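This report is meant for a reader who is new to the structure shown below. It goes through the ligand site, the nonpolar cores and several single residues in turn.

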Amino acid sequence: MLDAGLLRERFQQRYGVYPSLIVRAPGRVNLLGEHTDYNDGFVLPVAIDRATYIAARSRDDQMVQVVSSDLNEEDSFSLDHIERSGQPWHNYVRGVVLALQVAGYSLMGADLLIASDVPRGSGLSSSAALEIAVGYAFRELNSLSISGTELALLAQGAENNFVGVQCGIMDQLIAVFGRGDHALLIDCRDLSHRVVPLPSSVAIVVCDSRLPRTLAASAYNQRRQECNTAVQLLQQWYPGIRALRDVSEDQFAAHCERLPEPVRSRARHVVRENRRTLEGAEALERGDVVAFGQLMNASHASLRDDYQVSLPDIDLLVERAQRLAGCYGSRLTGAGFGGCTVSLVEHSEVETFSRDLLQAYHDATGRTATIYVCRASDGVGRAVDDAGPQK
Ligand code: ADP
Ligand code: MG
């Protein structure tokens with residue numbers, strides 16, 4: 001965890017005055033429900049104990065000054081005229097600030113200092129952590145009454161329209177509504193959500209394969225298109241459906257033979273993954289981590305065989321993990337074609353598990369993966385060690 005006291009001192013060194021607040025927004029990992037979000041379905045992420053912190057103070061003019069101490073870079077812009085920057089990271093900040101203004105909130109200028117221990121570009125959503133931290137900092141500095149869901153939607157809008165990345169709503173919602181020692185079941189259609197307890201005996205072990213995700217963007221668009229085609233074809237028999245979310249497994253089974261491949265397999269993944277995600281939440285609610293782990297394993301097989309978004313080296317990581325002692329379940333997490341795996345592992349076995357998994361991956365591929373052992377943490381809020389005595 002980053003030290004809020006250190007952040008306060010760094011802010012003072014840069015701006016000559018102490019911050020009036022420090023906010024914290026977490027990264028995330030998705031335990032179950034992959035490629036279901038754009039099918040109006042269910043996802044089950046956790047907020048992790050790696051987060052983006054922003055120390056902040058209002059200014060009495062219209063300027064916003066931003067320091068990213070992680071990149072050792074700065075940005076500065078006026079609230080009167082927010083333009084897209086050639087530096088991608090600037091746009092996460094500018095985009096959220098502009099989205100707040102477009103939504104009708106009037107803001108004062110601010111000095112911001114960002115520091116994060118969410119790895120950037122690894123699939124743990126450092127982007128949403130940054131967006132939500134920025135939005136929350138301005139909410140607090142300007143005493144705005146803005147709901148968590150609205151904040152998430154504004155941040156997602158900023159990433160979609162200002163940064164130019166087509167992400168779903170999961171990352172922003174979990175950065176807002178995460179809860180310590182819980183996962184969050186999100187209905188991506190109406191954005192309702194409920195917290196689901198995680199057993200205290202297990203750790204969440206994320207393994208970043210460090211594979212370049214070269215195929216990811218085109219394959220993602222193609223999968224989305226295939227899901228749309230499946231909906232159009234299934235509407236012959238079920239005119240009321242709007243998304244694959246509306247199709248039960250029985251309904252799917254009754255007509256799937258009439259769908260061409262690969263549309264049939266893609267739809268089968270989504271229909272089953274939605275059911276697995278709901279079942280997974282119930283399993284956790286009754287404390288059945290064994291059943292939950294089996295659903296994670298089944299999710300991986302489906303991502304590999306039906307949705308075809310895995311890679312041999314990711315399969316290797318997952319299959320090795322599943323065979324190691326103390327592991328309840330393991331699967332690809334994120335959109336695929338590289339990225340991370342997530343495993344649930346008994347605390348007492350985490351060290352051996354991590355060592356053996358890294359070794360097996362290195363032996364087989366020559367590559368070095370990175371492991372992040374995480375626990376579920378709270379969503380956005382003021383940092384515990386907020387602004388301190390100088391406030
Ligand atoms: P992910 O969300 O999986 O980490 P993305 O590519 O979606 O990967 O977002 C990473 C980008 O977000 C970075 O390249 C950078 O532009 C921006 N970003 C995230 N965290 C920070 C930070 N602490 N300081 C500056 N920019 C950041
Ligand atoms: Mg991201």
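Which side chain has an N or O atom 2.7 Å from a nitrogen atom of ligand 1? The side chain belongs to D70.

The model is predicted, with local features needing pLDDT of at least 70 and side-chain atom pairs counting only at pLDDT 80 or more, while totals for chains, interfaces and linings use all residues. Residues are numbered from 1 along each chain as its sequence is written, chains are lettered from A and ligands numbered from 1 in the order in which they are written, and side-chain values use heavy atoms, with hydrogens and water left out.

## The ligand site

Three polar contacts of ligand 1 are listed in the table (a polar contact is a pair of N or O atoms within 3.5 Å; within protein, one must be able to donate a hydrogen and the other to accept it, and residues adjacent in sequence count only if both atoms are side-chain atoms).

| Ligand 1 atom | Protein partner | Distance |
|---|---|---|
| nitrogen of ligand 1 | N or O atom in the side chain of D70 | 2.7 Å |
| oxygen of ligand 1 | polar backbone atom of G123 | 3.0 Å |
| oxygen of ligand 1 | N or O atom in the side chain of S126 | 2.6 Å |

On its own, ligand 1 has 570 Å² of accessible area, and the protein covers 80% of this. Accessible areas come from the Shrake-Rupley method with a 1.4 Å probe, and for residues only the protein chains shown count as cover.

There are 17 residues around ligand 1, and those that come nearest are S68, D70, G121, S126 and S127. A residue is near a molecule if one of its heavy atoms lies within 4 Å of it. By class, this shell holds seven nonpolar, eight polar and two charged residues. Ala, Val, Leu, Ile, Met, Phe, Trp, Tyr, Cys and Pro count as nonpolar, Asp, Glu, Lys and Arg as charged, and the others, Gly among them, as polar.

At least two residues of the shell come from each of α2 (88–102), β5 (110–116) and α3 (126–141). Helices (H or I, at least four residues) and strands (E, at least two) are DSSP runs, numbered from the N terminus. The largest share, three residues, is supplied by α3.

S127 is found in helix α3. With a relative accessibility of 16%, S127 counts as buried (buried means under 20% relative accessible area, exposed over 50%, partly exposed in between, with a 1.4 Å probe and protein chains only). Beyond its neighbours within four places in sequence, S127 is in contact with Y92 and E159, where contact means heavy atoms within 4.5 Å.

## The nonpolar cores

In soluble globular proteins, nonpolar side chains tend to be buried together. A nonpolar core is here a set of buried Ala, Val, Leu, Ile, Met, Phe, Trp, Tyr and Cys residues joined through side-chain atoms within 4.5 Å. The largest such core has 51 residues, and the members that touch the most others are I54, V93, L112 and F138. Helix α3 gives the largest share of this core, eight residues. Another core lies apart from it and has 40 residues, including A203, L234, F252 and A369.

Neighbours within four places in sequence left aside, the contacts of L112 include F11, Y15, I54, V93 and F138.

## A mostly covered helix

How many of the eight residues of helix α5 (residues 170–177) are buried? Seven are, and the helix is mostly covered. The buried residues are M170, D171, Q172, L173, I174, A175 and V176. Their cover includes β1, β2, α3, α4 (148–163) and β6 (182–187).

## Single residues

S377 sits in the loop between β11 (370–374) and β12 (381–382). Is S377 buried or exposed? S377 is buried, at a relative accessible area of 9%. Among the residues in contact with S377, leaving aside neighbours within four places in sequence, are R24, P26, D49, R179 and D181.

V195 lies in strand β7 (residues 193–197) and counts as partly exposed, at 26% relative accessibility. V195 and H182 are 13 residues apart in sequence, and their C-alpha atoms are 6.0 Å apart in space.

N72, in the loop between β3 (63–68) and β4 (73–78), has a positive phi near 60° and is not a glycine. N72 is exposed, with a relative accessible area of 69%. D40 is not a glycine either, and has a positive phi of about 65°; D40 is placed in the loop between β1 (21–32) and β2 (42–58).

The peptide bond from E261 to P262 is cis, with omega near 5°. P262 lies in the loop between α7 (249–255) and α8 (263–285).
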